Amino acid sequence: MPMSPNRQPSALTWDGQTLCLTPAGVGPCAVTIDGSRFCEIEASADGVAQLRLPFSPSGNRVLDVRVEQDRVEAAIEPVVASIEIGVPGLQPALHLPPMLGALASAERPVPVELEPMQREVAVIVPVYNAAEGVARCLDSVLAHTTGPCRLIVIDDASTDPGISPLLERYRGIAGVDILANERNLGFTATVNRGIRHAGAADVVLLNADTEVAAHWLTGLRRAACCAADVATATAVSDNAGAFSVPELERENPIPPPWTFEQTARALWQSAGHAYPQLPTGNGFCMYVRREVLDAVGLFDVEAFPEGYGEENDFCQRASARGYRHLVAGNVFVAHARSQSFGIERRERLGRAGMQVLRERWPNYETEVGAMLFSFERRVLDWRVRRIHALAPLLQPLPRVLHLLAGQNPPPLPGYDSWMITMHNQEWVLHGARAELVESAPAGPLASRHVSEWLQRYGFEWVAFGERIEAGAMKLLGAQARRLGVPVLDLAAGPQPGPGVAAAGINPLRSFKGERP
């Protein structure tokens, strides 16, 4: 294609880690990777625009890249090429298929010696009006929560007459506590009441206008337990400000034809576990470790009586003690936003809260700006864009890992069946089409490798076939249970049919009583 007479040629180079465009012209340059927008890069004073790739966003060694000015009257010609991570030089673009691989070295799995499912958790849901949204939230928590957990619901003196009879429907379910404030205390004091009521448990702050999906709490547990200095882990959402994906500070529609549950499953399997870091969590769905609460204290009621800034202040206090706050990008939670307060009041409270934060933490906004556009966060948003692009092409299914003695896994309609074998002192993982995915030697590190695979690929069940070597069964079973993955012995009974997990046979389910 001939070059436009108003555009200049530019040189793109790749040294194995950094893309460099010279000259970059005036204005930002848009970088597209494998057909999806990745980020914008600005030219330095000497006219050079650079992008360092510490690891492959797709998990694949080879990437297609396109660099162009994001303007109608761009000063430079678009540059398109193929690059290989760690290998200098450009190659012609390959027009690669839109498949995502594992992030591997960039991931933060739960260390093999930790037991995340043994941590008791209390989910705190403050309620003020909006009965329909509250019912949707509570029903989703009861249906999709696994592991040791209590649900603490606190009515902050709602004026909606539908709230009291609604909450009575949940009273009496084992593990569910229904509390009520005699007068309206405000969001922050209500949350603090829930934290005190939770005793020694970790807590999850969950807004009543949210909806959770399968493995939501398991995912938050794992993120919070991936390192000793993690204070909080926050889910991502379709509509949660800086925690919105794939586009920040926007309401992101569920990609058709998927449902919310299917979108959540797709992120569970493919968003990755790089867990970007931010200076704060977000109380719409935020896991807080109890030892951090003990060290830092409760939320500040006087400064943030109605919320909107209380979790930011808490997280800054925790950061001052050396703790970090992670984004659990594989945990997707729907968020309606402003059902209790309304948009105008929410914006007013947000402005007031930010003024307090600026006074207490002068570097807060600078830190947010730096971390919000970190490479890890850009990778997360990019992977979600790639996942959304796949919506018309595939249906996310629950992923089952079969431990077999070499034969193909039995057909399980409605499930994505993978296979793991232990042969010739080697563990081998095969995908749904029997393709080789990964392998690792048996021996002292086998537990670590198997644990990482269970997390990396989002397995929801482990199934044992016939004639399985006892040692292999013991190792895989132990790692599955440690990570909250239920185990089925298909050799001992009939195979589960489609939808069994959703129907509630999961033995790790937190709330086993009848839902309203």
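Domain 2 and domain 3 bury about 770 Å² between them, with 37% of that on carbon and sulfur atoms. Buried area here is the accessible area (1.4 Å probe) that two parts lose on being put together, summed over both. That's in line with common practice: the size of an interface is often given as the accessible area lost when the parts come together. On the domain 2 side, Arg222, Gln269 and His273 supply 64% of the area buried against domain 3, more than any other three residues.

Before going further, a word on what you're looking at: this is a predicted model, where local features need pLDDT of at least 70, side-chain atom pairs count only at pLDDT 80 or more, and totals for chains, interfaces and linings use all residues. Residues are numbered from 1 along each chain as its sequence is written, and side-chain values use heavy atoms, with hydrogens and water left out.

Now the layout. The domain assignment gives domain 1 (11-91), domain 2 (121-390) and domain 3 (399-489); such bounds come from an automatic or database domain assignment. The C-alpha centres of domain 2 and domain 3 lie 33 Å apart. Seven residues from domain 2 and nine from domain 3 make up the contact, meaning heavy atoms within 4.5 Å.

What holds charge against charge across this interface? The rule finds one salt bridge there, a salt bridge being a side-chain nitrogen of Lys or Arg within 4 Å of a carboxyl oxygen of Asp or Glu. Glu460 and Arg265 meet in a salt bridge through their side chains (2.6 Å, N to O). Between the two domains there are also six residue pairs in polar contact, both at pLDDT 80 or more. A polar contact is a pair of N or O atoms within 3.5 Å; within protein, one must be able to donate a hydrogen and the other to accept it, and residues adjacent in sequence count only if both atoms are side-chain atoms.Two elements, α4 (216-224) and α5 (260-270), give two or more residues to the side of domain 2 that touches domain 3, and α5 gives the most, with three residues. Helices like these are DSSP runs (H or I, at least four residues), and strands are E runs of at least two, numbered from the N terminus.

Elsewhere, Asp202 and Arg119 pair their side chains in a salt bridge (2.6 Å, N to O). Asp202 sits in strand β12 (residues 202-206) and Arg119 in the loop between β8 (87-91) and β9 (121-127), 83 residues apart.
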